[in-house]
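Colleague: Thanks for making time for me today. Could we put the model up and go through its parts together?

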Amino acid sequence: MSYKLVKFENKITGVQHTADNGLITHIPFDPANTDYQEYLEWVAEGNTPEEEE
Amino acid sequence: MASIKLKGDTSGEVTIQAPSVAGTNTLTLPATSSTLATQNSLGVRNLIINGDMRINQRGNYSTTVNGTGVFYSVDRWLGRGKASAGVFNILANSSLGEQPDRFTNHVVLDVTTASTPTSNDSYSFQQFIEGYNISKLNWGTSAAKSITLSFWAKSTLTGTFGGSVANGDYNRFNPFSYTISAANTWEYKTVTITGDTSGSWSTTNGNSMRVIFSIGAGSGRLGTAGTWTSSVLEGVTGQTNHIATNGSNLRITGVQIEEGTSATPFEHLQFGQQLALCQRYYEKSYDINTAPATNATKGLELVAGTIDANQNFYQTVRFAVPKRANPSINFYKSDGTANTWRYDRSGASNQSGTPSVGDNGDSSFYMRIPSTGATWVVATMSGQWTANAEL
C-alpha cells in the first residue's frame with residue numbers, strides 16, 4: 001500500500017493510493033472524502049507520500 | 001355503510017367512513033401531539049436509501065466481510081467485521097418466491113465462519129446517512145424528534161436480536177432490540193428511537209447517522225436498549241449472535257427510518273428515483289447491470305483530440321448526478337484491466353496509458369493520459385471509470 005502526490009501543470013491536485021492488490025484510486029483533497037480522511041490519518045501516523053516526478 | 005361526519009364551526013366537514021365489506025381497517029394516530037397530515041406522511045418519508053436493496057451498481061452479489069474495514073454490498077449498504085475470526089457474506093437475493101410481499105430483493109447475511117464474539121468484537125450490516133437528509137430531526141438539540149425504524153427480517157435462528165443507531169462521529173449510541181418468533185419466516189419489525197438531545201449530528205454533507213444491524217458482538221459492544229450513551233454499543237445485551245453459528249443467516253429488506261413514533265408502509269420509490277439517490281454516493285460509466293472491471297464496451301468514454309506539447313492527452317468527464325463530496329476515481333480499460341485506458345494515435349494503436357486525475361469536483365473530473373510518445377498529433381482515448389463519494 002502506498003500514496004503518491006499527483007501534479008498537474010506544476011500544481012499538486014490530489015493523491016494516488018495504490019492498494020495491495022495494485023488498484024490505483026485517485027483521491028481529491030476534499031475533507032469530506034473518506035479516502036482523503038484515511039490518507040490524512042496515514043500521514044498523521046508519520047508516513048510520507050511519494051512525489052510525482 | 002356507517003360514517004361519522006365532523007362539521008366545522010362555520011364551514012367545511014370531514015367524513016370518516018367505514019367500508020360496507022367484511023374486514024377491519026385501522027387509522028393509527030401519532031402517539032405524540034402533532035398533525036397527522038404533516039407529521040410524516042407527506043413527501044419523501046424514508047431517510048434510508050435503497051432500503052429495498054434493489055440497486056446494486058457495484059454488482060456485488062456476494063460480498064465477503066472478513067475485516068474491520070468497510071465492505072460495500074448493494075448500494076449504500078456495507079458490512080463490517082473482524083479479521084481472522086468470524087466471517088459472513090452479504091448475498092444480494094432477487095429470487096422469485098423468496099421475498100416478503102411487495103418486495104423483489106433482499107440481502108442475506110450468511111455466516112460462513114463462526115466465531116463466538118468476545119469483548120469488543122462486532123459484526124454488522126450498516127448504512128450511513130448524510131447530515132442533509134436528517135437535519136430536520138434536530139438531533140443534538142432539545143427539539144430532537146423521535147424516529148421509527150421498520151424492516152422485514154427472516155432468520156434461521158429465533159430469539160432476541162439487536163442493533164444500534166449511532167452518530168457519524170461514533171460517540172453517541174442507542175441500541176435497539178427486536179424479536180424473531182419463528183425461524184425461516186418473514187416478520188415485520190418496528191422500533192421507535194427517541195431523538196438524541198446531545199452529541200454532534202452533522203446537518204450538512206458529512207456522515208451523520210449510522211444504522212447498525214448487529215450480526216454479533218462481544219459484551220463490550222452490547223448495552224441496554226433505548227438508552228443514549230457515549231459508549232460504543234452496536235447491539236443489545238442478551239442478543240443472539242448469528243456469527244456464533246456457522247451456516248446461520250439473517251435476511252433483511254424494506255428498511256425504513258422515518259420521523260415520528262409510528263411506522264408507515266414502506267415507501268416504494270420508482271427505480272430511477274432510487275438509482276439517482278444512490279448515484280450521489282457512487283456512480284460508474286458502465287451500464288447499470290454491468291459490474292466494474294468487467295470486459296464491456298457499453299458506457300465507454302471515448303474522446304478524440306490532440307496530444308499536447310508535453311505528450312499529455314486530456315479529457316473532462318461529467319457525472320450524471322452531482323456527488324456528496326469530490327469523489328475518488330478508479331479507471332478501467334474496456335477489457336476490464338484496472339488502472340489503464342486505451343489510446344490510439346498515428347503510429348501507435350491500442351496502447352495502454354495510466355490515467356491520472358487533475359481537478360476533481362462534485363460534478364466532473366479532469367483527467368489525462370501522460371507519456372503518449374508524441375506531440376501535437378491527433379489521438380483518441382477510451383475507458384471506463386467509477387466515482388466513489390460514500391460516507
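Modeller: Gladly, and please keep in mind that this is a predicted model. Chain A makes a good start: it contains one helix and four strands. Read from the N terminus, the elements of chain A follow the order β-β-β-α-β.

Colleague: What is the radius of gyration of chain A, and how does it sit with the globule rule?

Modeller: For 53 residues the globule rule gives 10 Å, and the value for chain A is close to that, so chain A is as compact as a globular protein of that length. Along the principal axes, the C-alpha atoms of chain A fill a box of roughly 25 × 25 × 20 Å. The radius of gyration of chain A is 11 Å.

Colleague: Now for chain B. Which strands stand at the edges of the open sheet of six strands?

Modeller: The order in that sheet is β3-β6-β7-β16-β9-β12 of chain B, with antiparallel pairing. A strand at the edge has a single partner strand, so one side of it is left without a neighbour in the sheet. From one strand to the next, the twist averages 25 degrees. The edge strands are β3 (62–65) and β12 (187–193) of chain B.

Colleague: Within that sheet, which residue stands opposite Thr148(B)?

Modeller: Look at strand β9 of chain B, residues 147–155, and strand β16 of chain B, residues 249–259. They run antiparallel and are joined by eight bridges. Opposite Thr148(B), in β16(B), stands Glu258(B).

Colleague: At the start of chain B I see β1 and β2. Which residue in the turn between them has a positive phi?

Modeller: β1 (residues 3–7) and β2 (residues 13–17) of chain B pair in the antiparallel sense over five bridges, and Lys7(B) stands opposite Glu13(B). The two strands form a hairpin with five residues between them. The residue in the turn with a positive phi, about 80 degrees, is Gly12(B).

Colleague: There is also an open sheet of three strands in chain B. Which of its strands stand at the edges?

Modeller: The order there is β19-β24-β23 of chain B, and the pairing is antiparallel. Three bridges join β23(B) to β24(B), residues 364–369, and Ser356(B) stands opposite Arg368(B) in β24(B). Each edge strand has a single partner, so one side of each is left without a neighbour in the sheet. Those edge strands are β19 (313–318) and β23 of chain B.

Colleague: Let us turn to the empty spaces. Which element supplies the largest share of the lining of the largest cavity?

Modeller: The largest cavity has a volume of about 50 Å³, and residues of its lining include Val6(A), Gln16(A), His26(A), Val357(B) and Asn360(B). At least two lining residues come from each of β2 (11–18) and β3 of chain A and β23 (356–360) of chain B. The largest share, four residues, comes from β2(A).

Colleague: How many charged residues are in the lining of that largest cavity?

Modeller: The lining of the largest cavity holds five nonpolar residues and six polar ones. Its count of charged residues is none.

Colleague: And the largest pocket: which element gives the most to its lining?

Modeller: This pocket has a volume of about 1600 Å³. Of its 47 lining residues, the closest to the centre are Asp35(A), Glu38(A), Val70(B), Tyr72(B) and Asn388(B). Elements that give two or more residues include β3 (24–28) and α1 (34–44) of chain A, as well as β13 (207–217) and β25 (378–388) of chain B. With five residues, the element that gives the most is α1(A).

Colleague: Which domains of chain B does the lining of the largest pocket draw at least three residues from?

Modeller: The residues of this lining divide into 19 nonpolar, 19 polar and nine charged. As for chain B, at least three residues come from each of domain 2 (62–279) and domain 3 (283–388).

Note on methods: Residues numbered from 1 in each chain as written. Chains lettered and ligands numbered in written order. Predicted model: local features only at pLDDT ≥ 70, side-chain atom pairs only at ≥ 80, totals over all residues. Heavy atoms only, no water. Pairing = 2+ DSSP bridges. Axes fitted to C-alpha atoms, helices over the stretch in contact; angles between N-to-C directions. 1 Å grid on protein atoms, 1.4 Å probe; cavity = no way out; pocket = protein on both sides within 12 Å on 5 of 7 lines; lining within 4 Å. Points joined across faces, edges and corners; volume = space filled by probe spheres on them. Nonpolar A, V, L, I, M, F, W, Y, C, P; charged D, E, K, R; others polar. Domains from an automatic or database assignment. Rg over C-alpha atoms; globule rule 2.2 N^0.38 Å.
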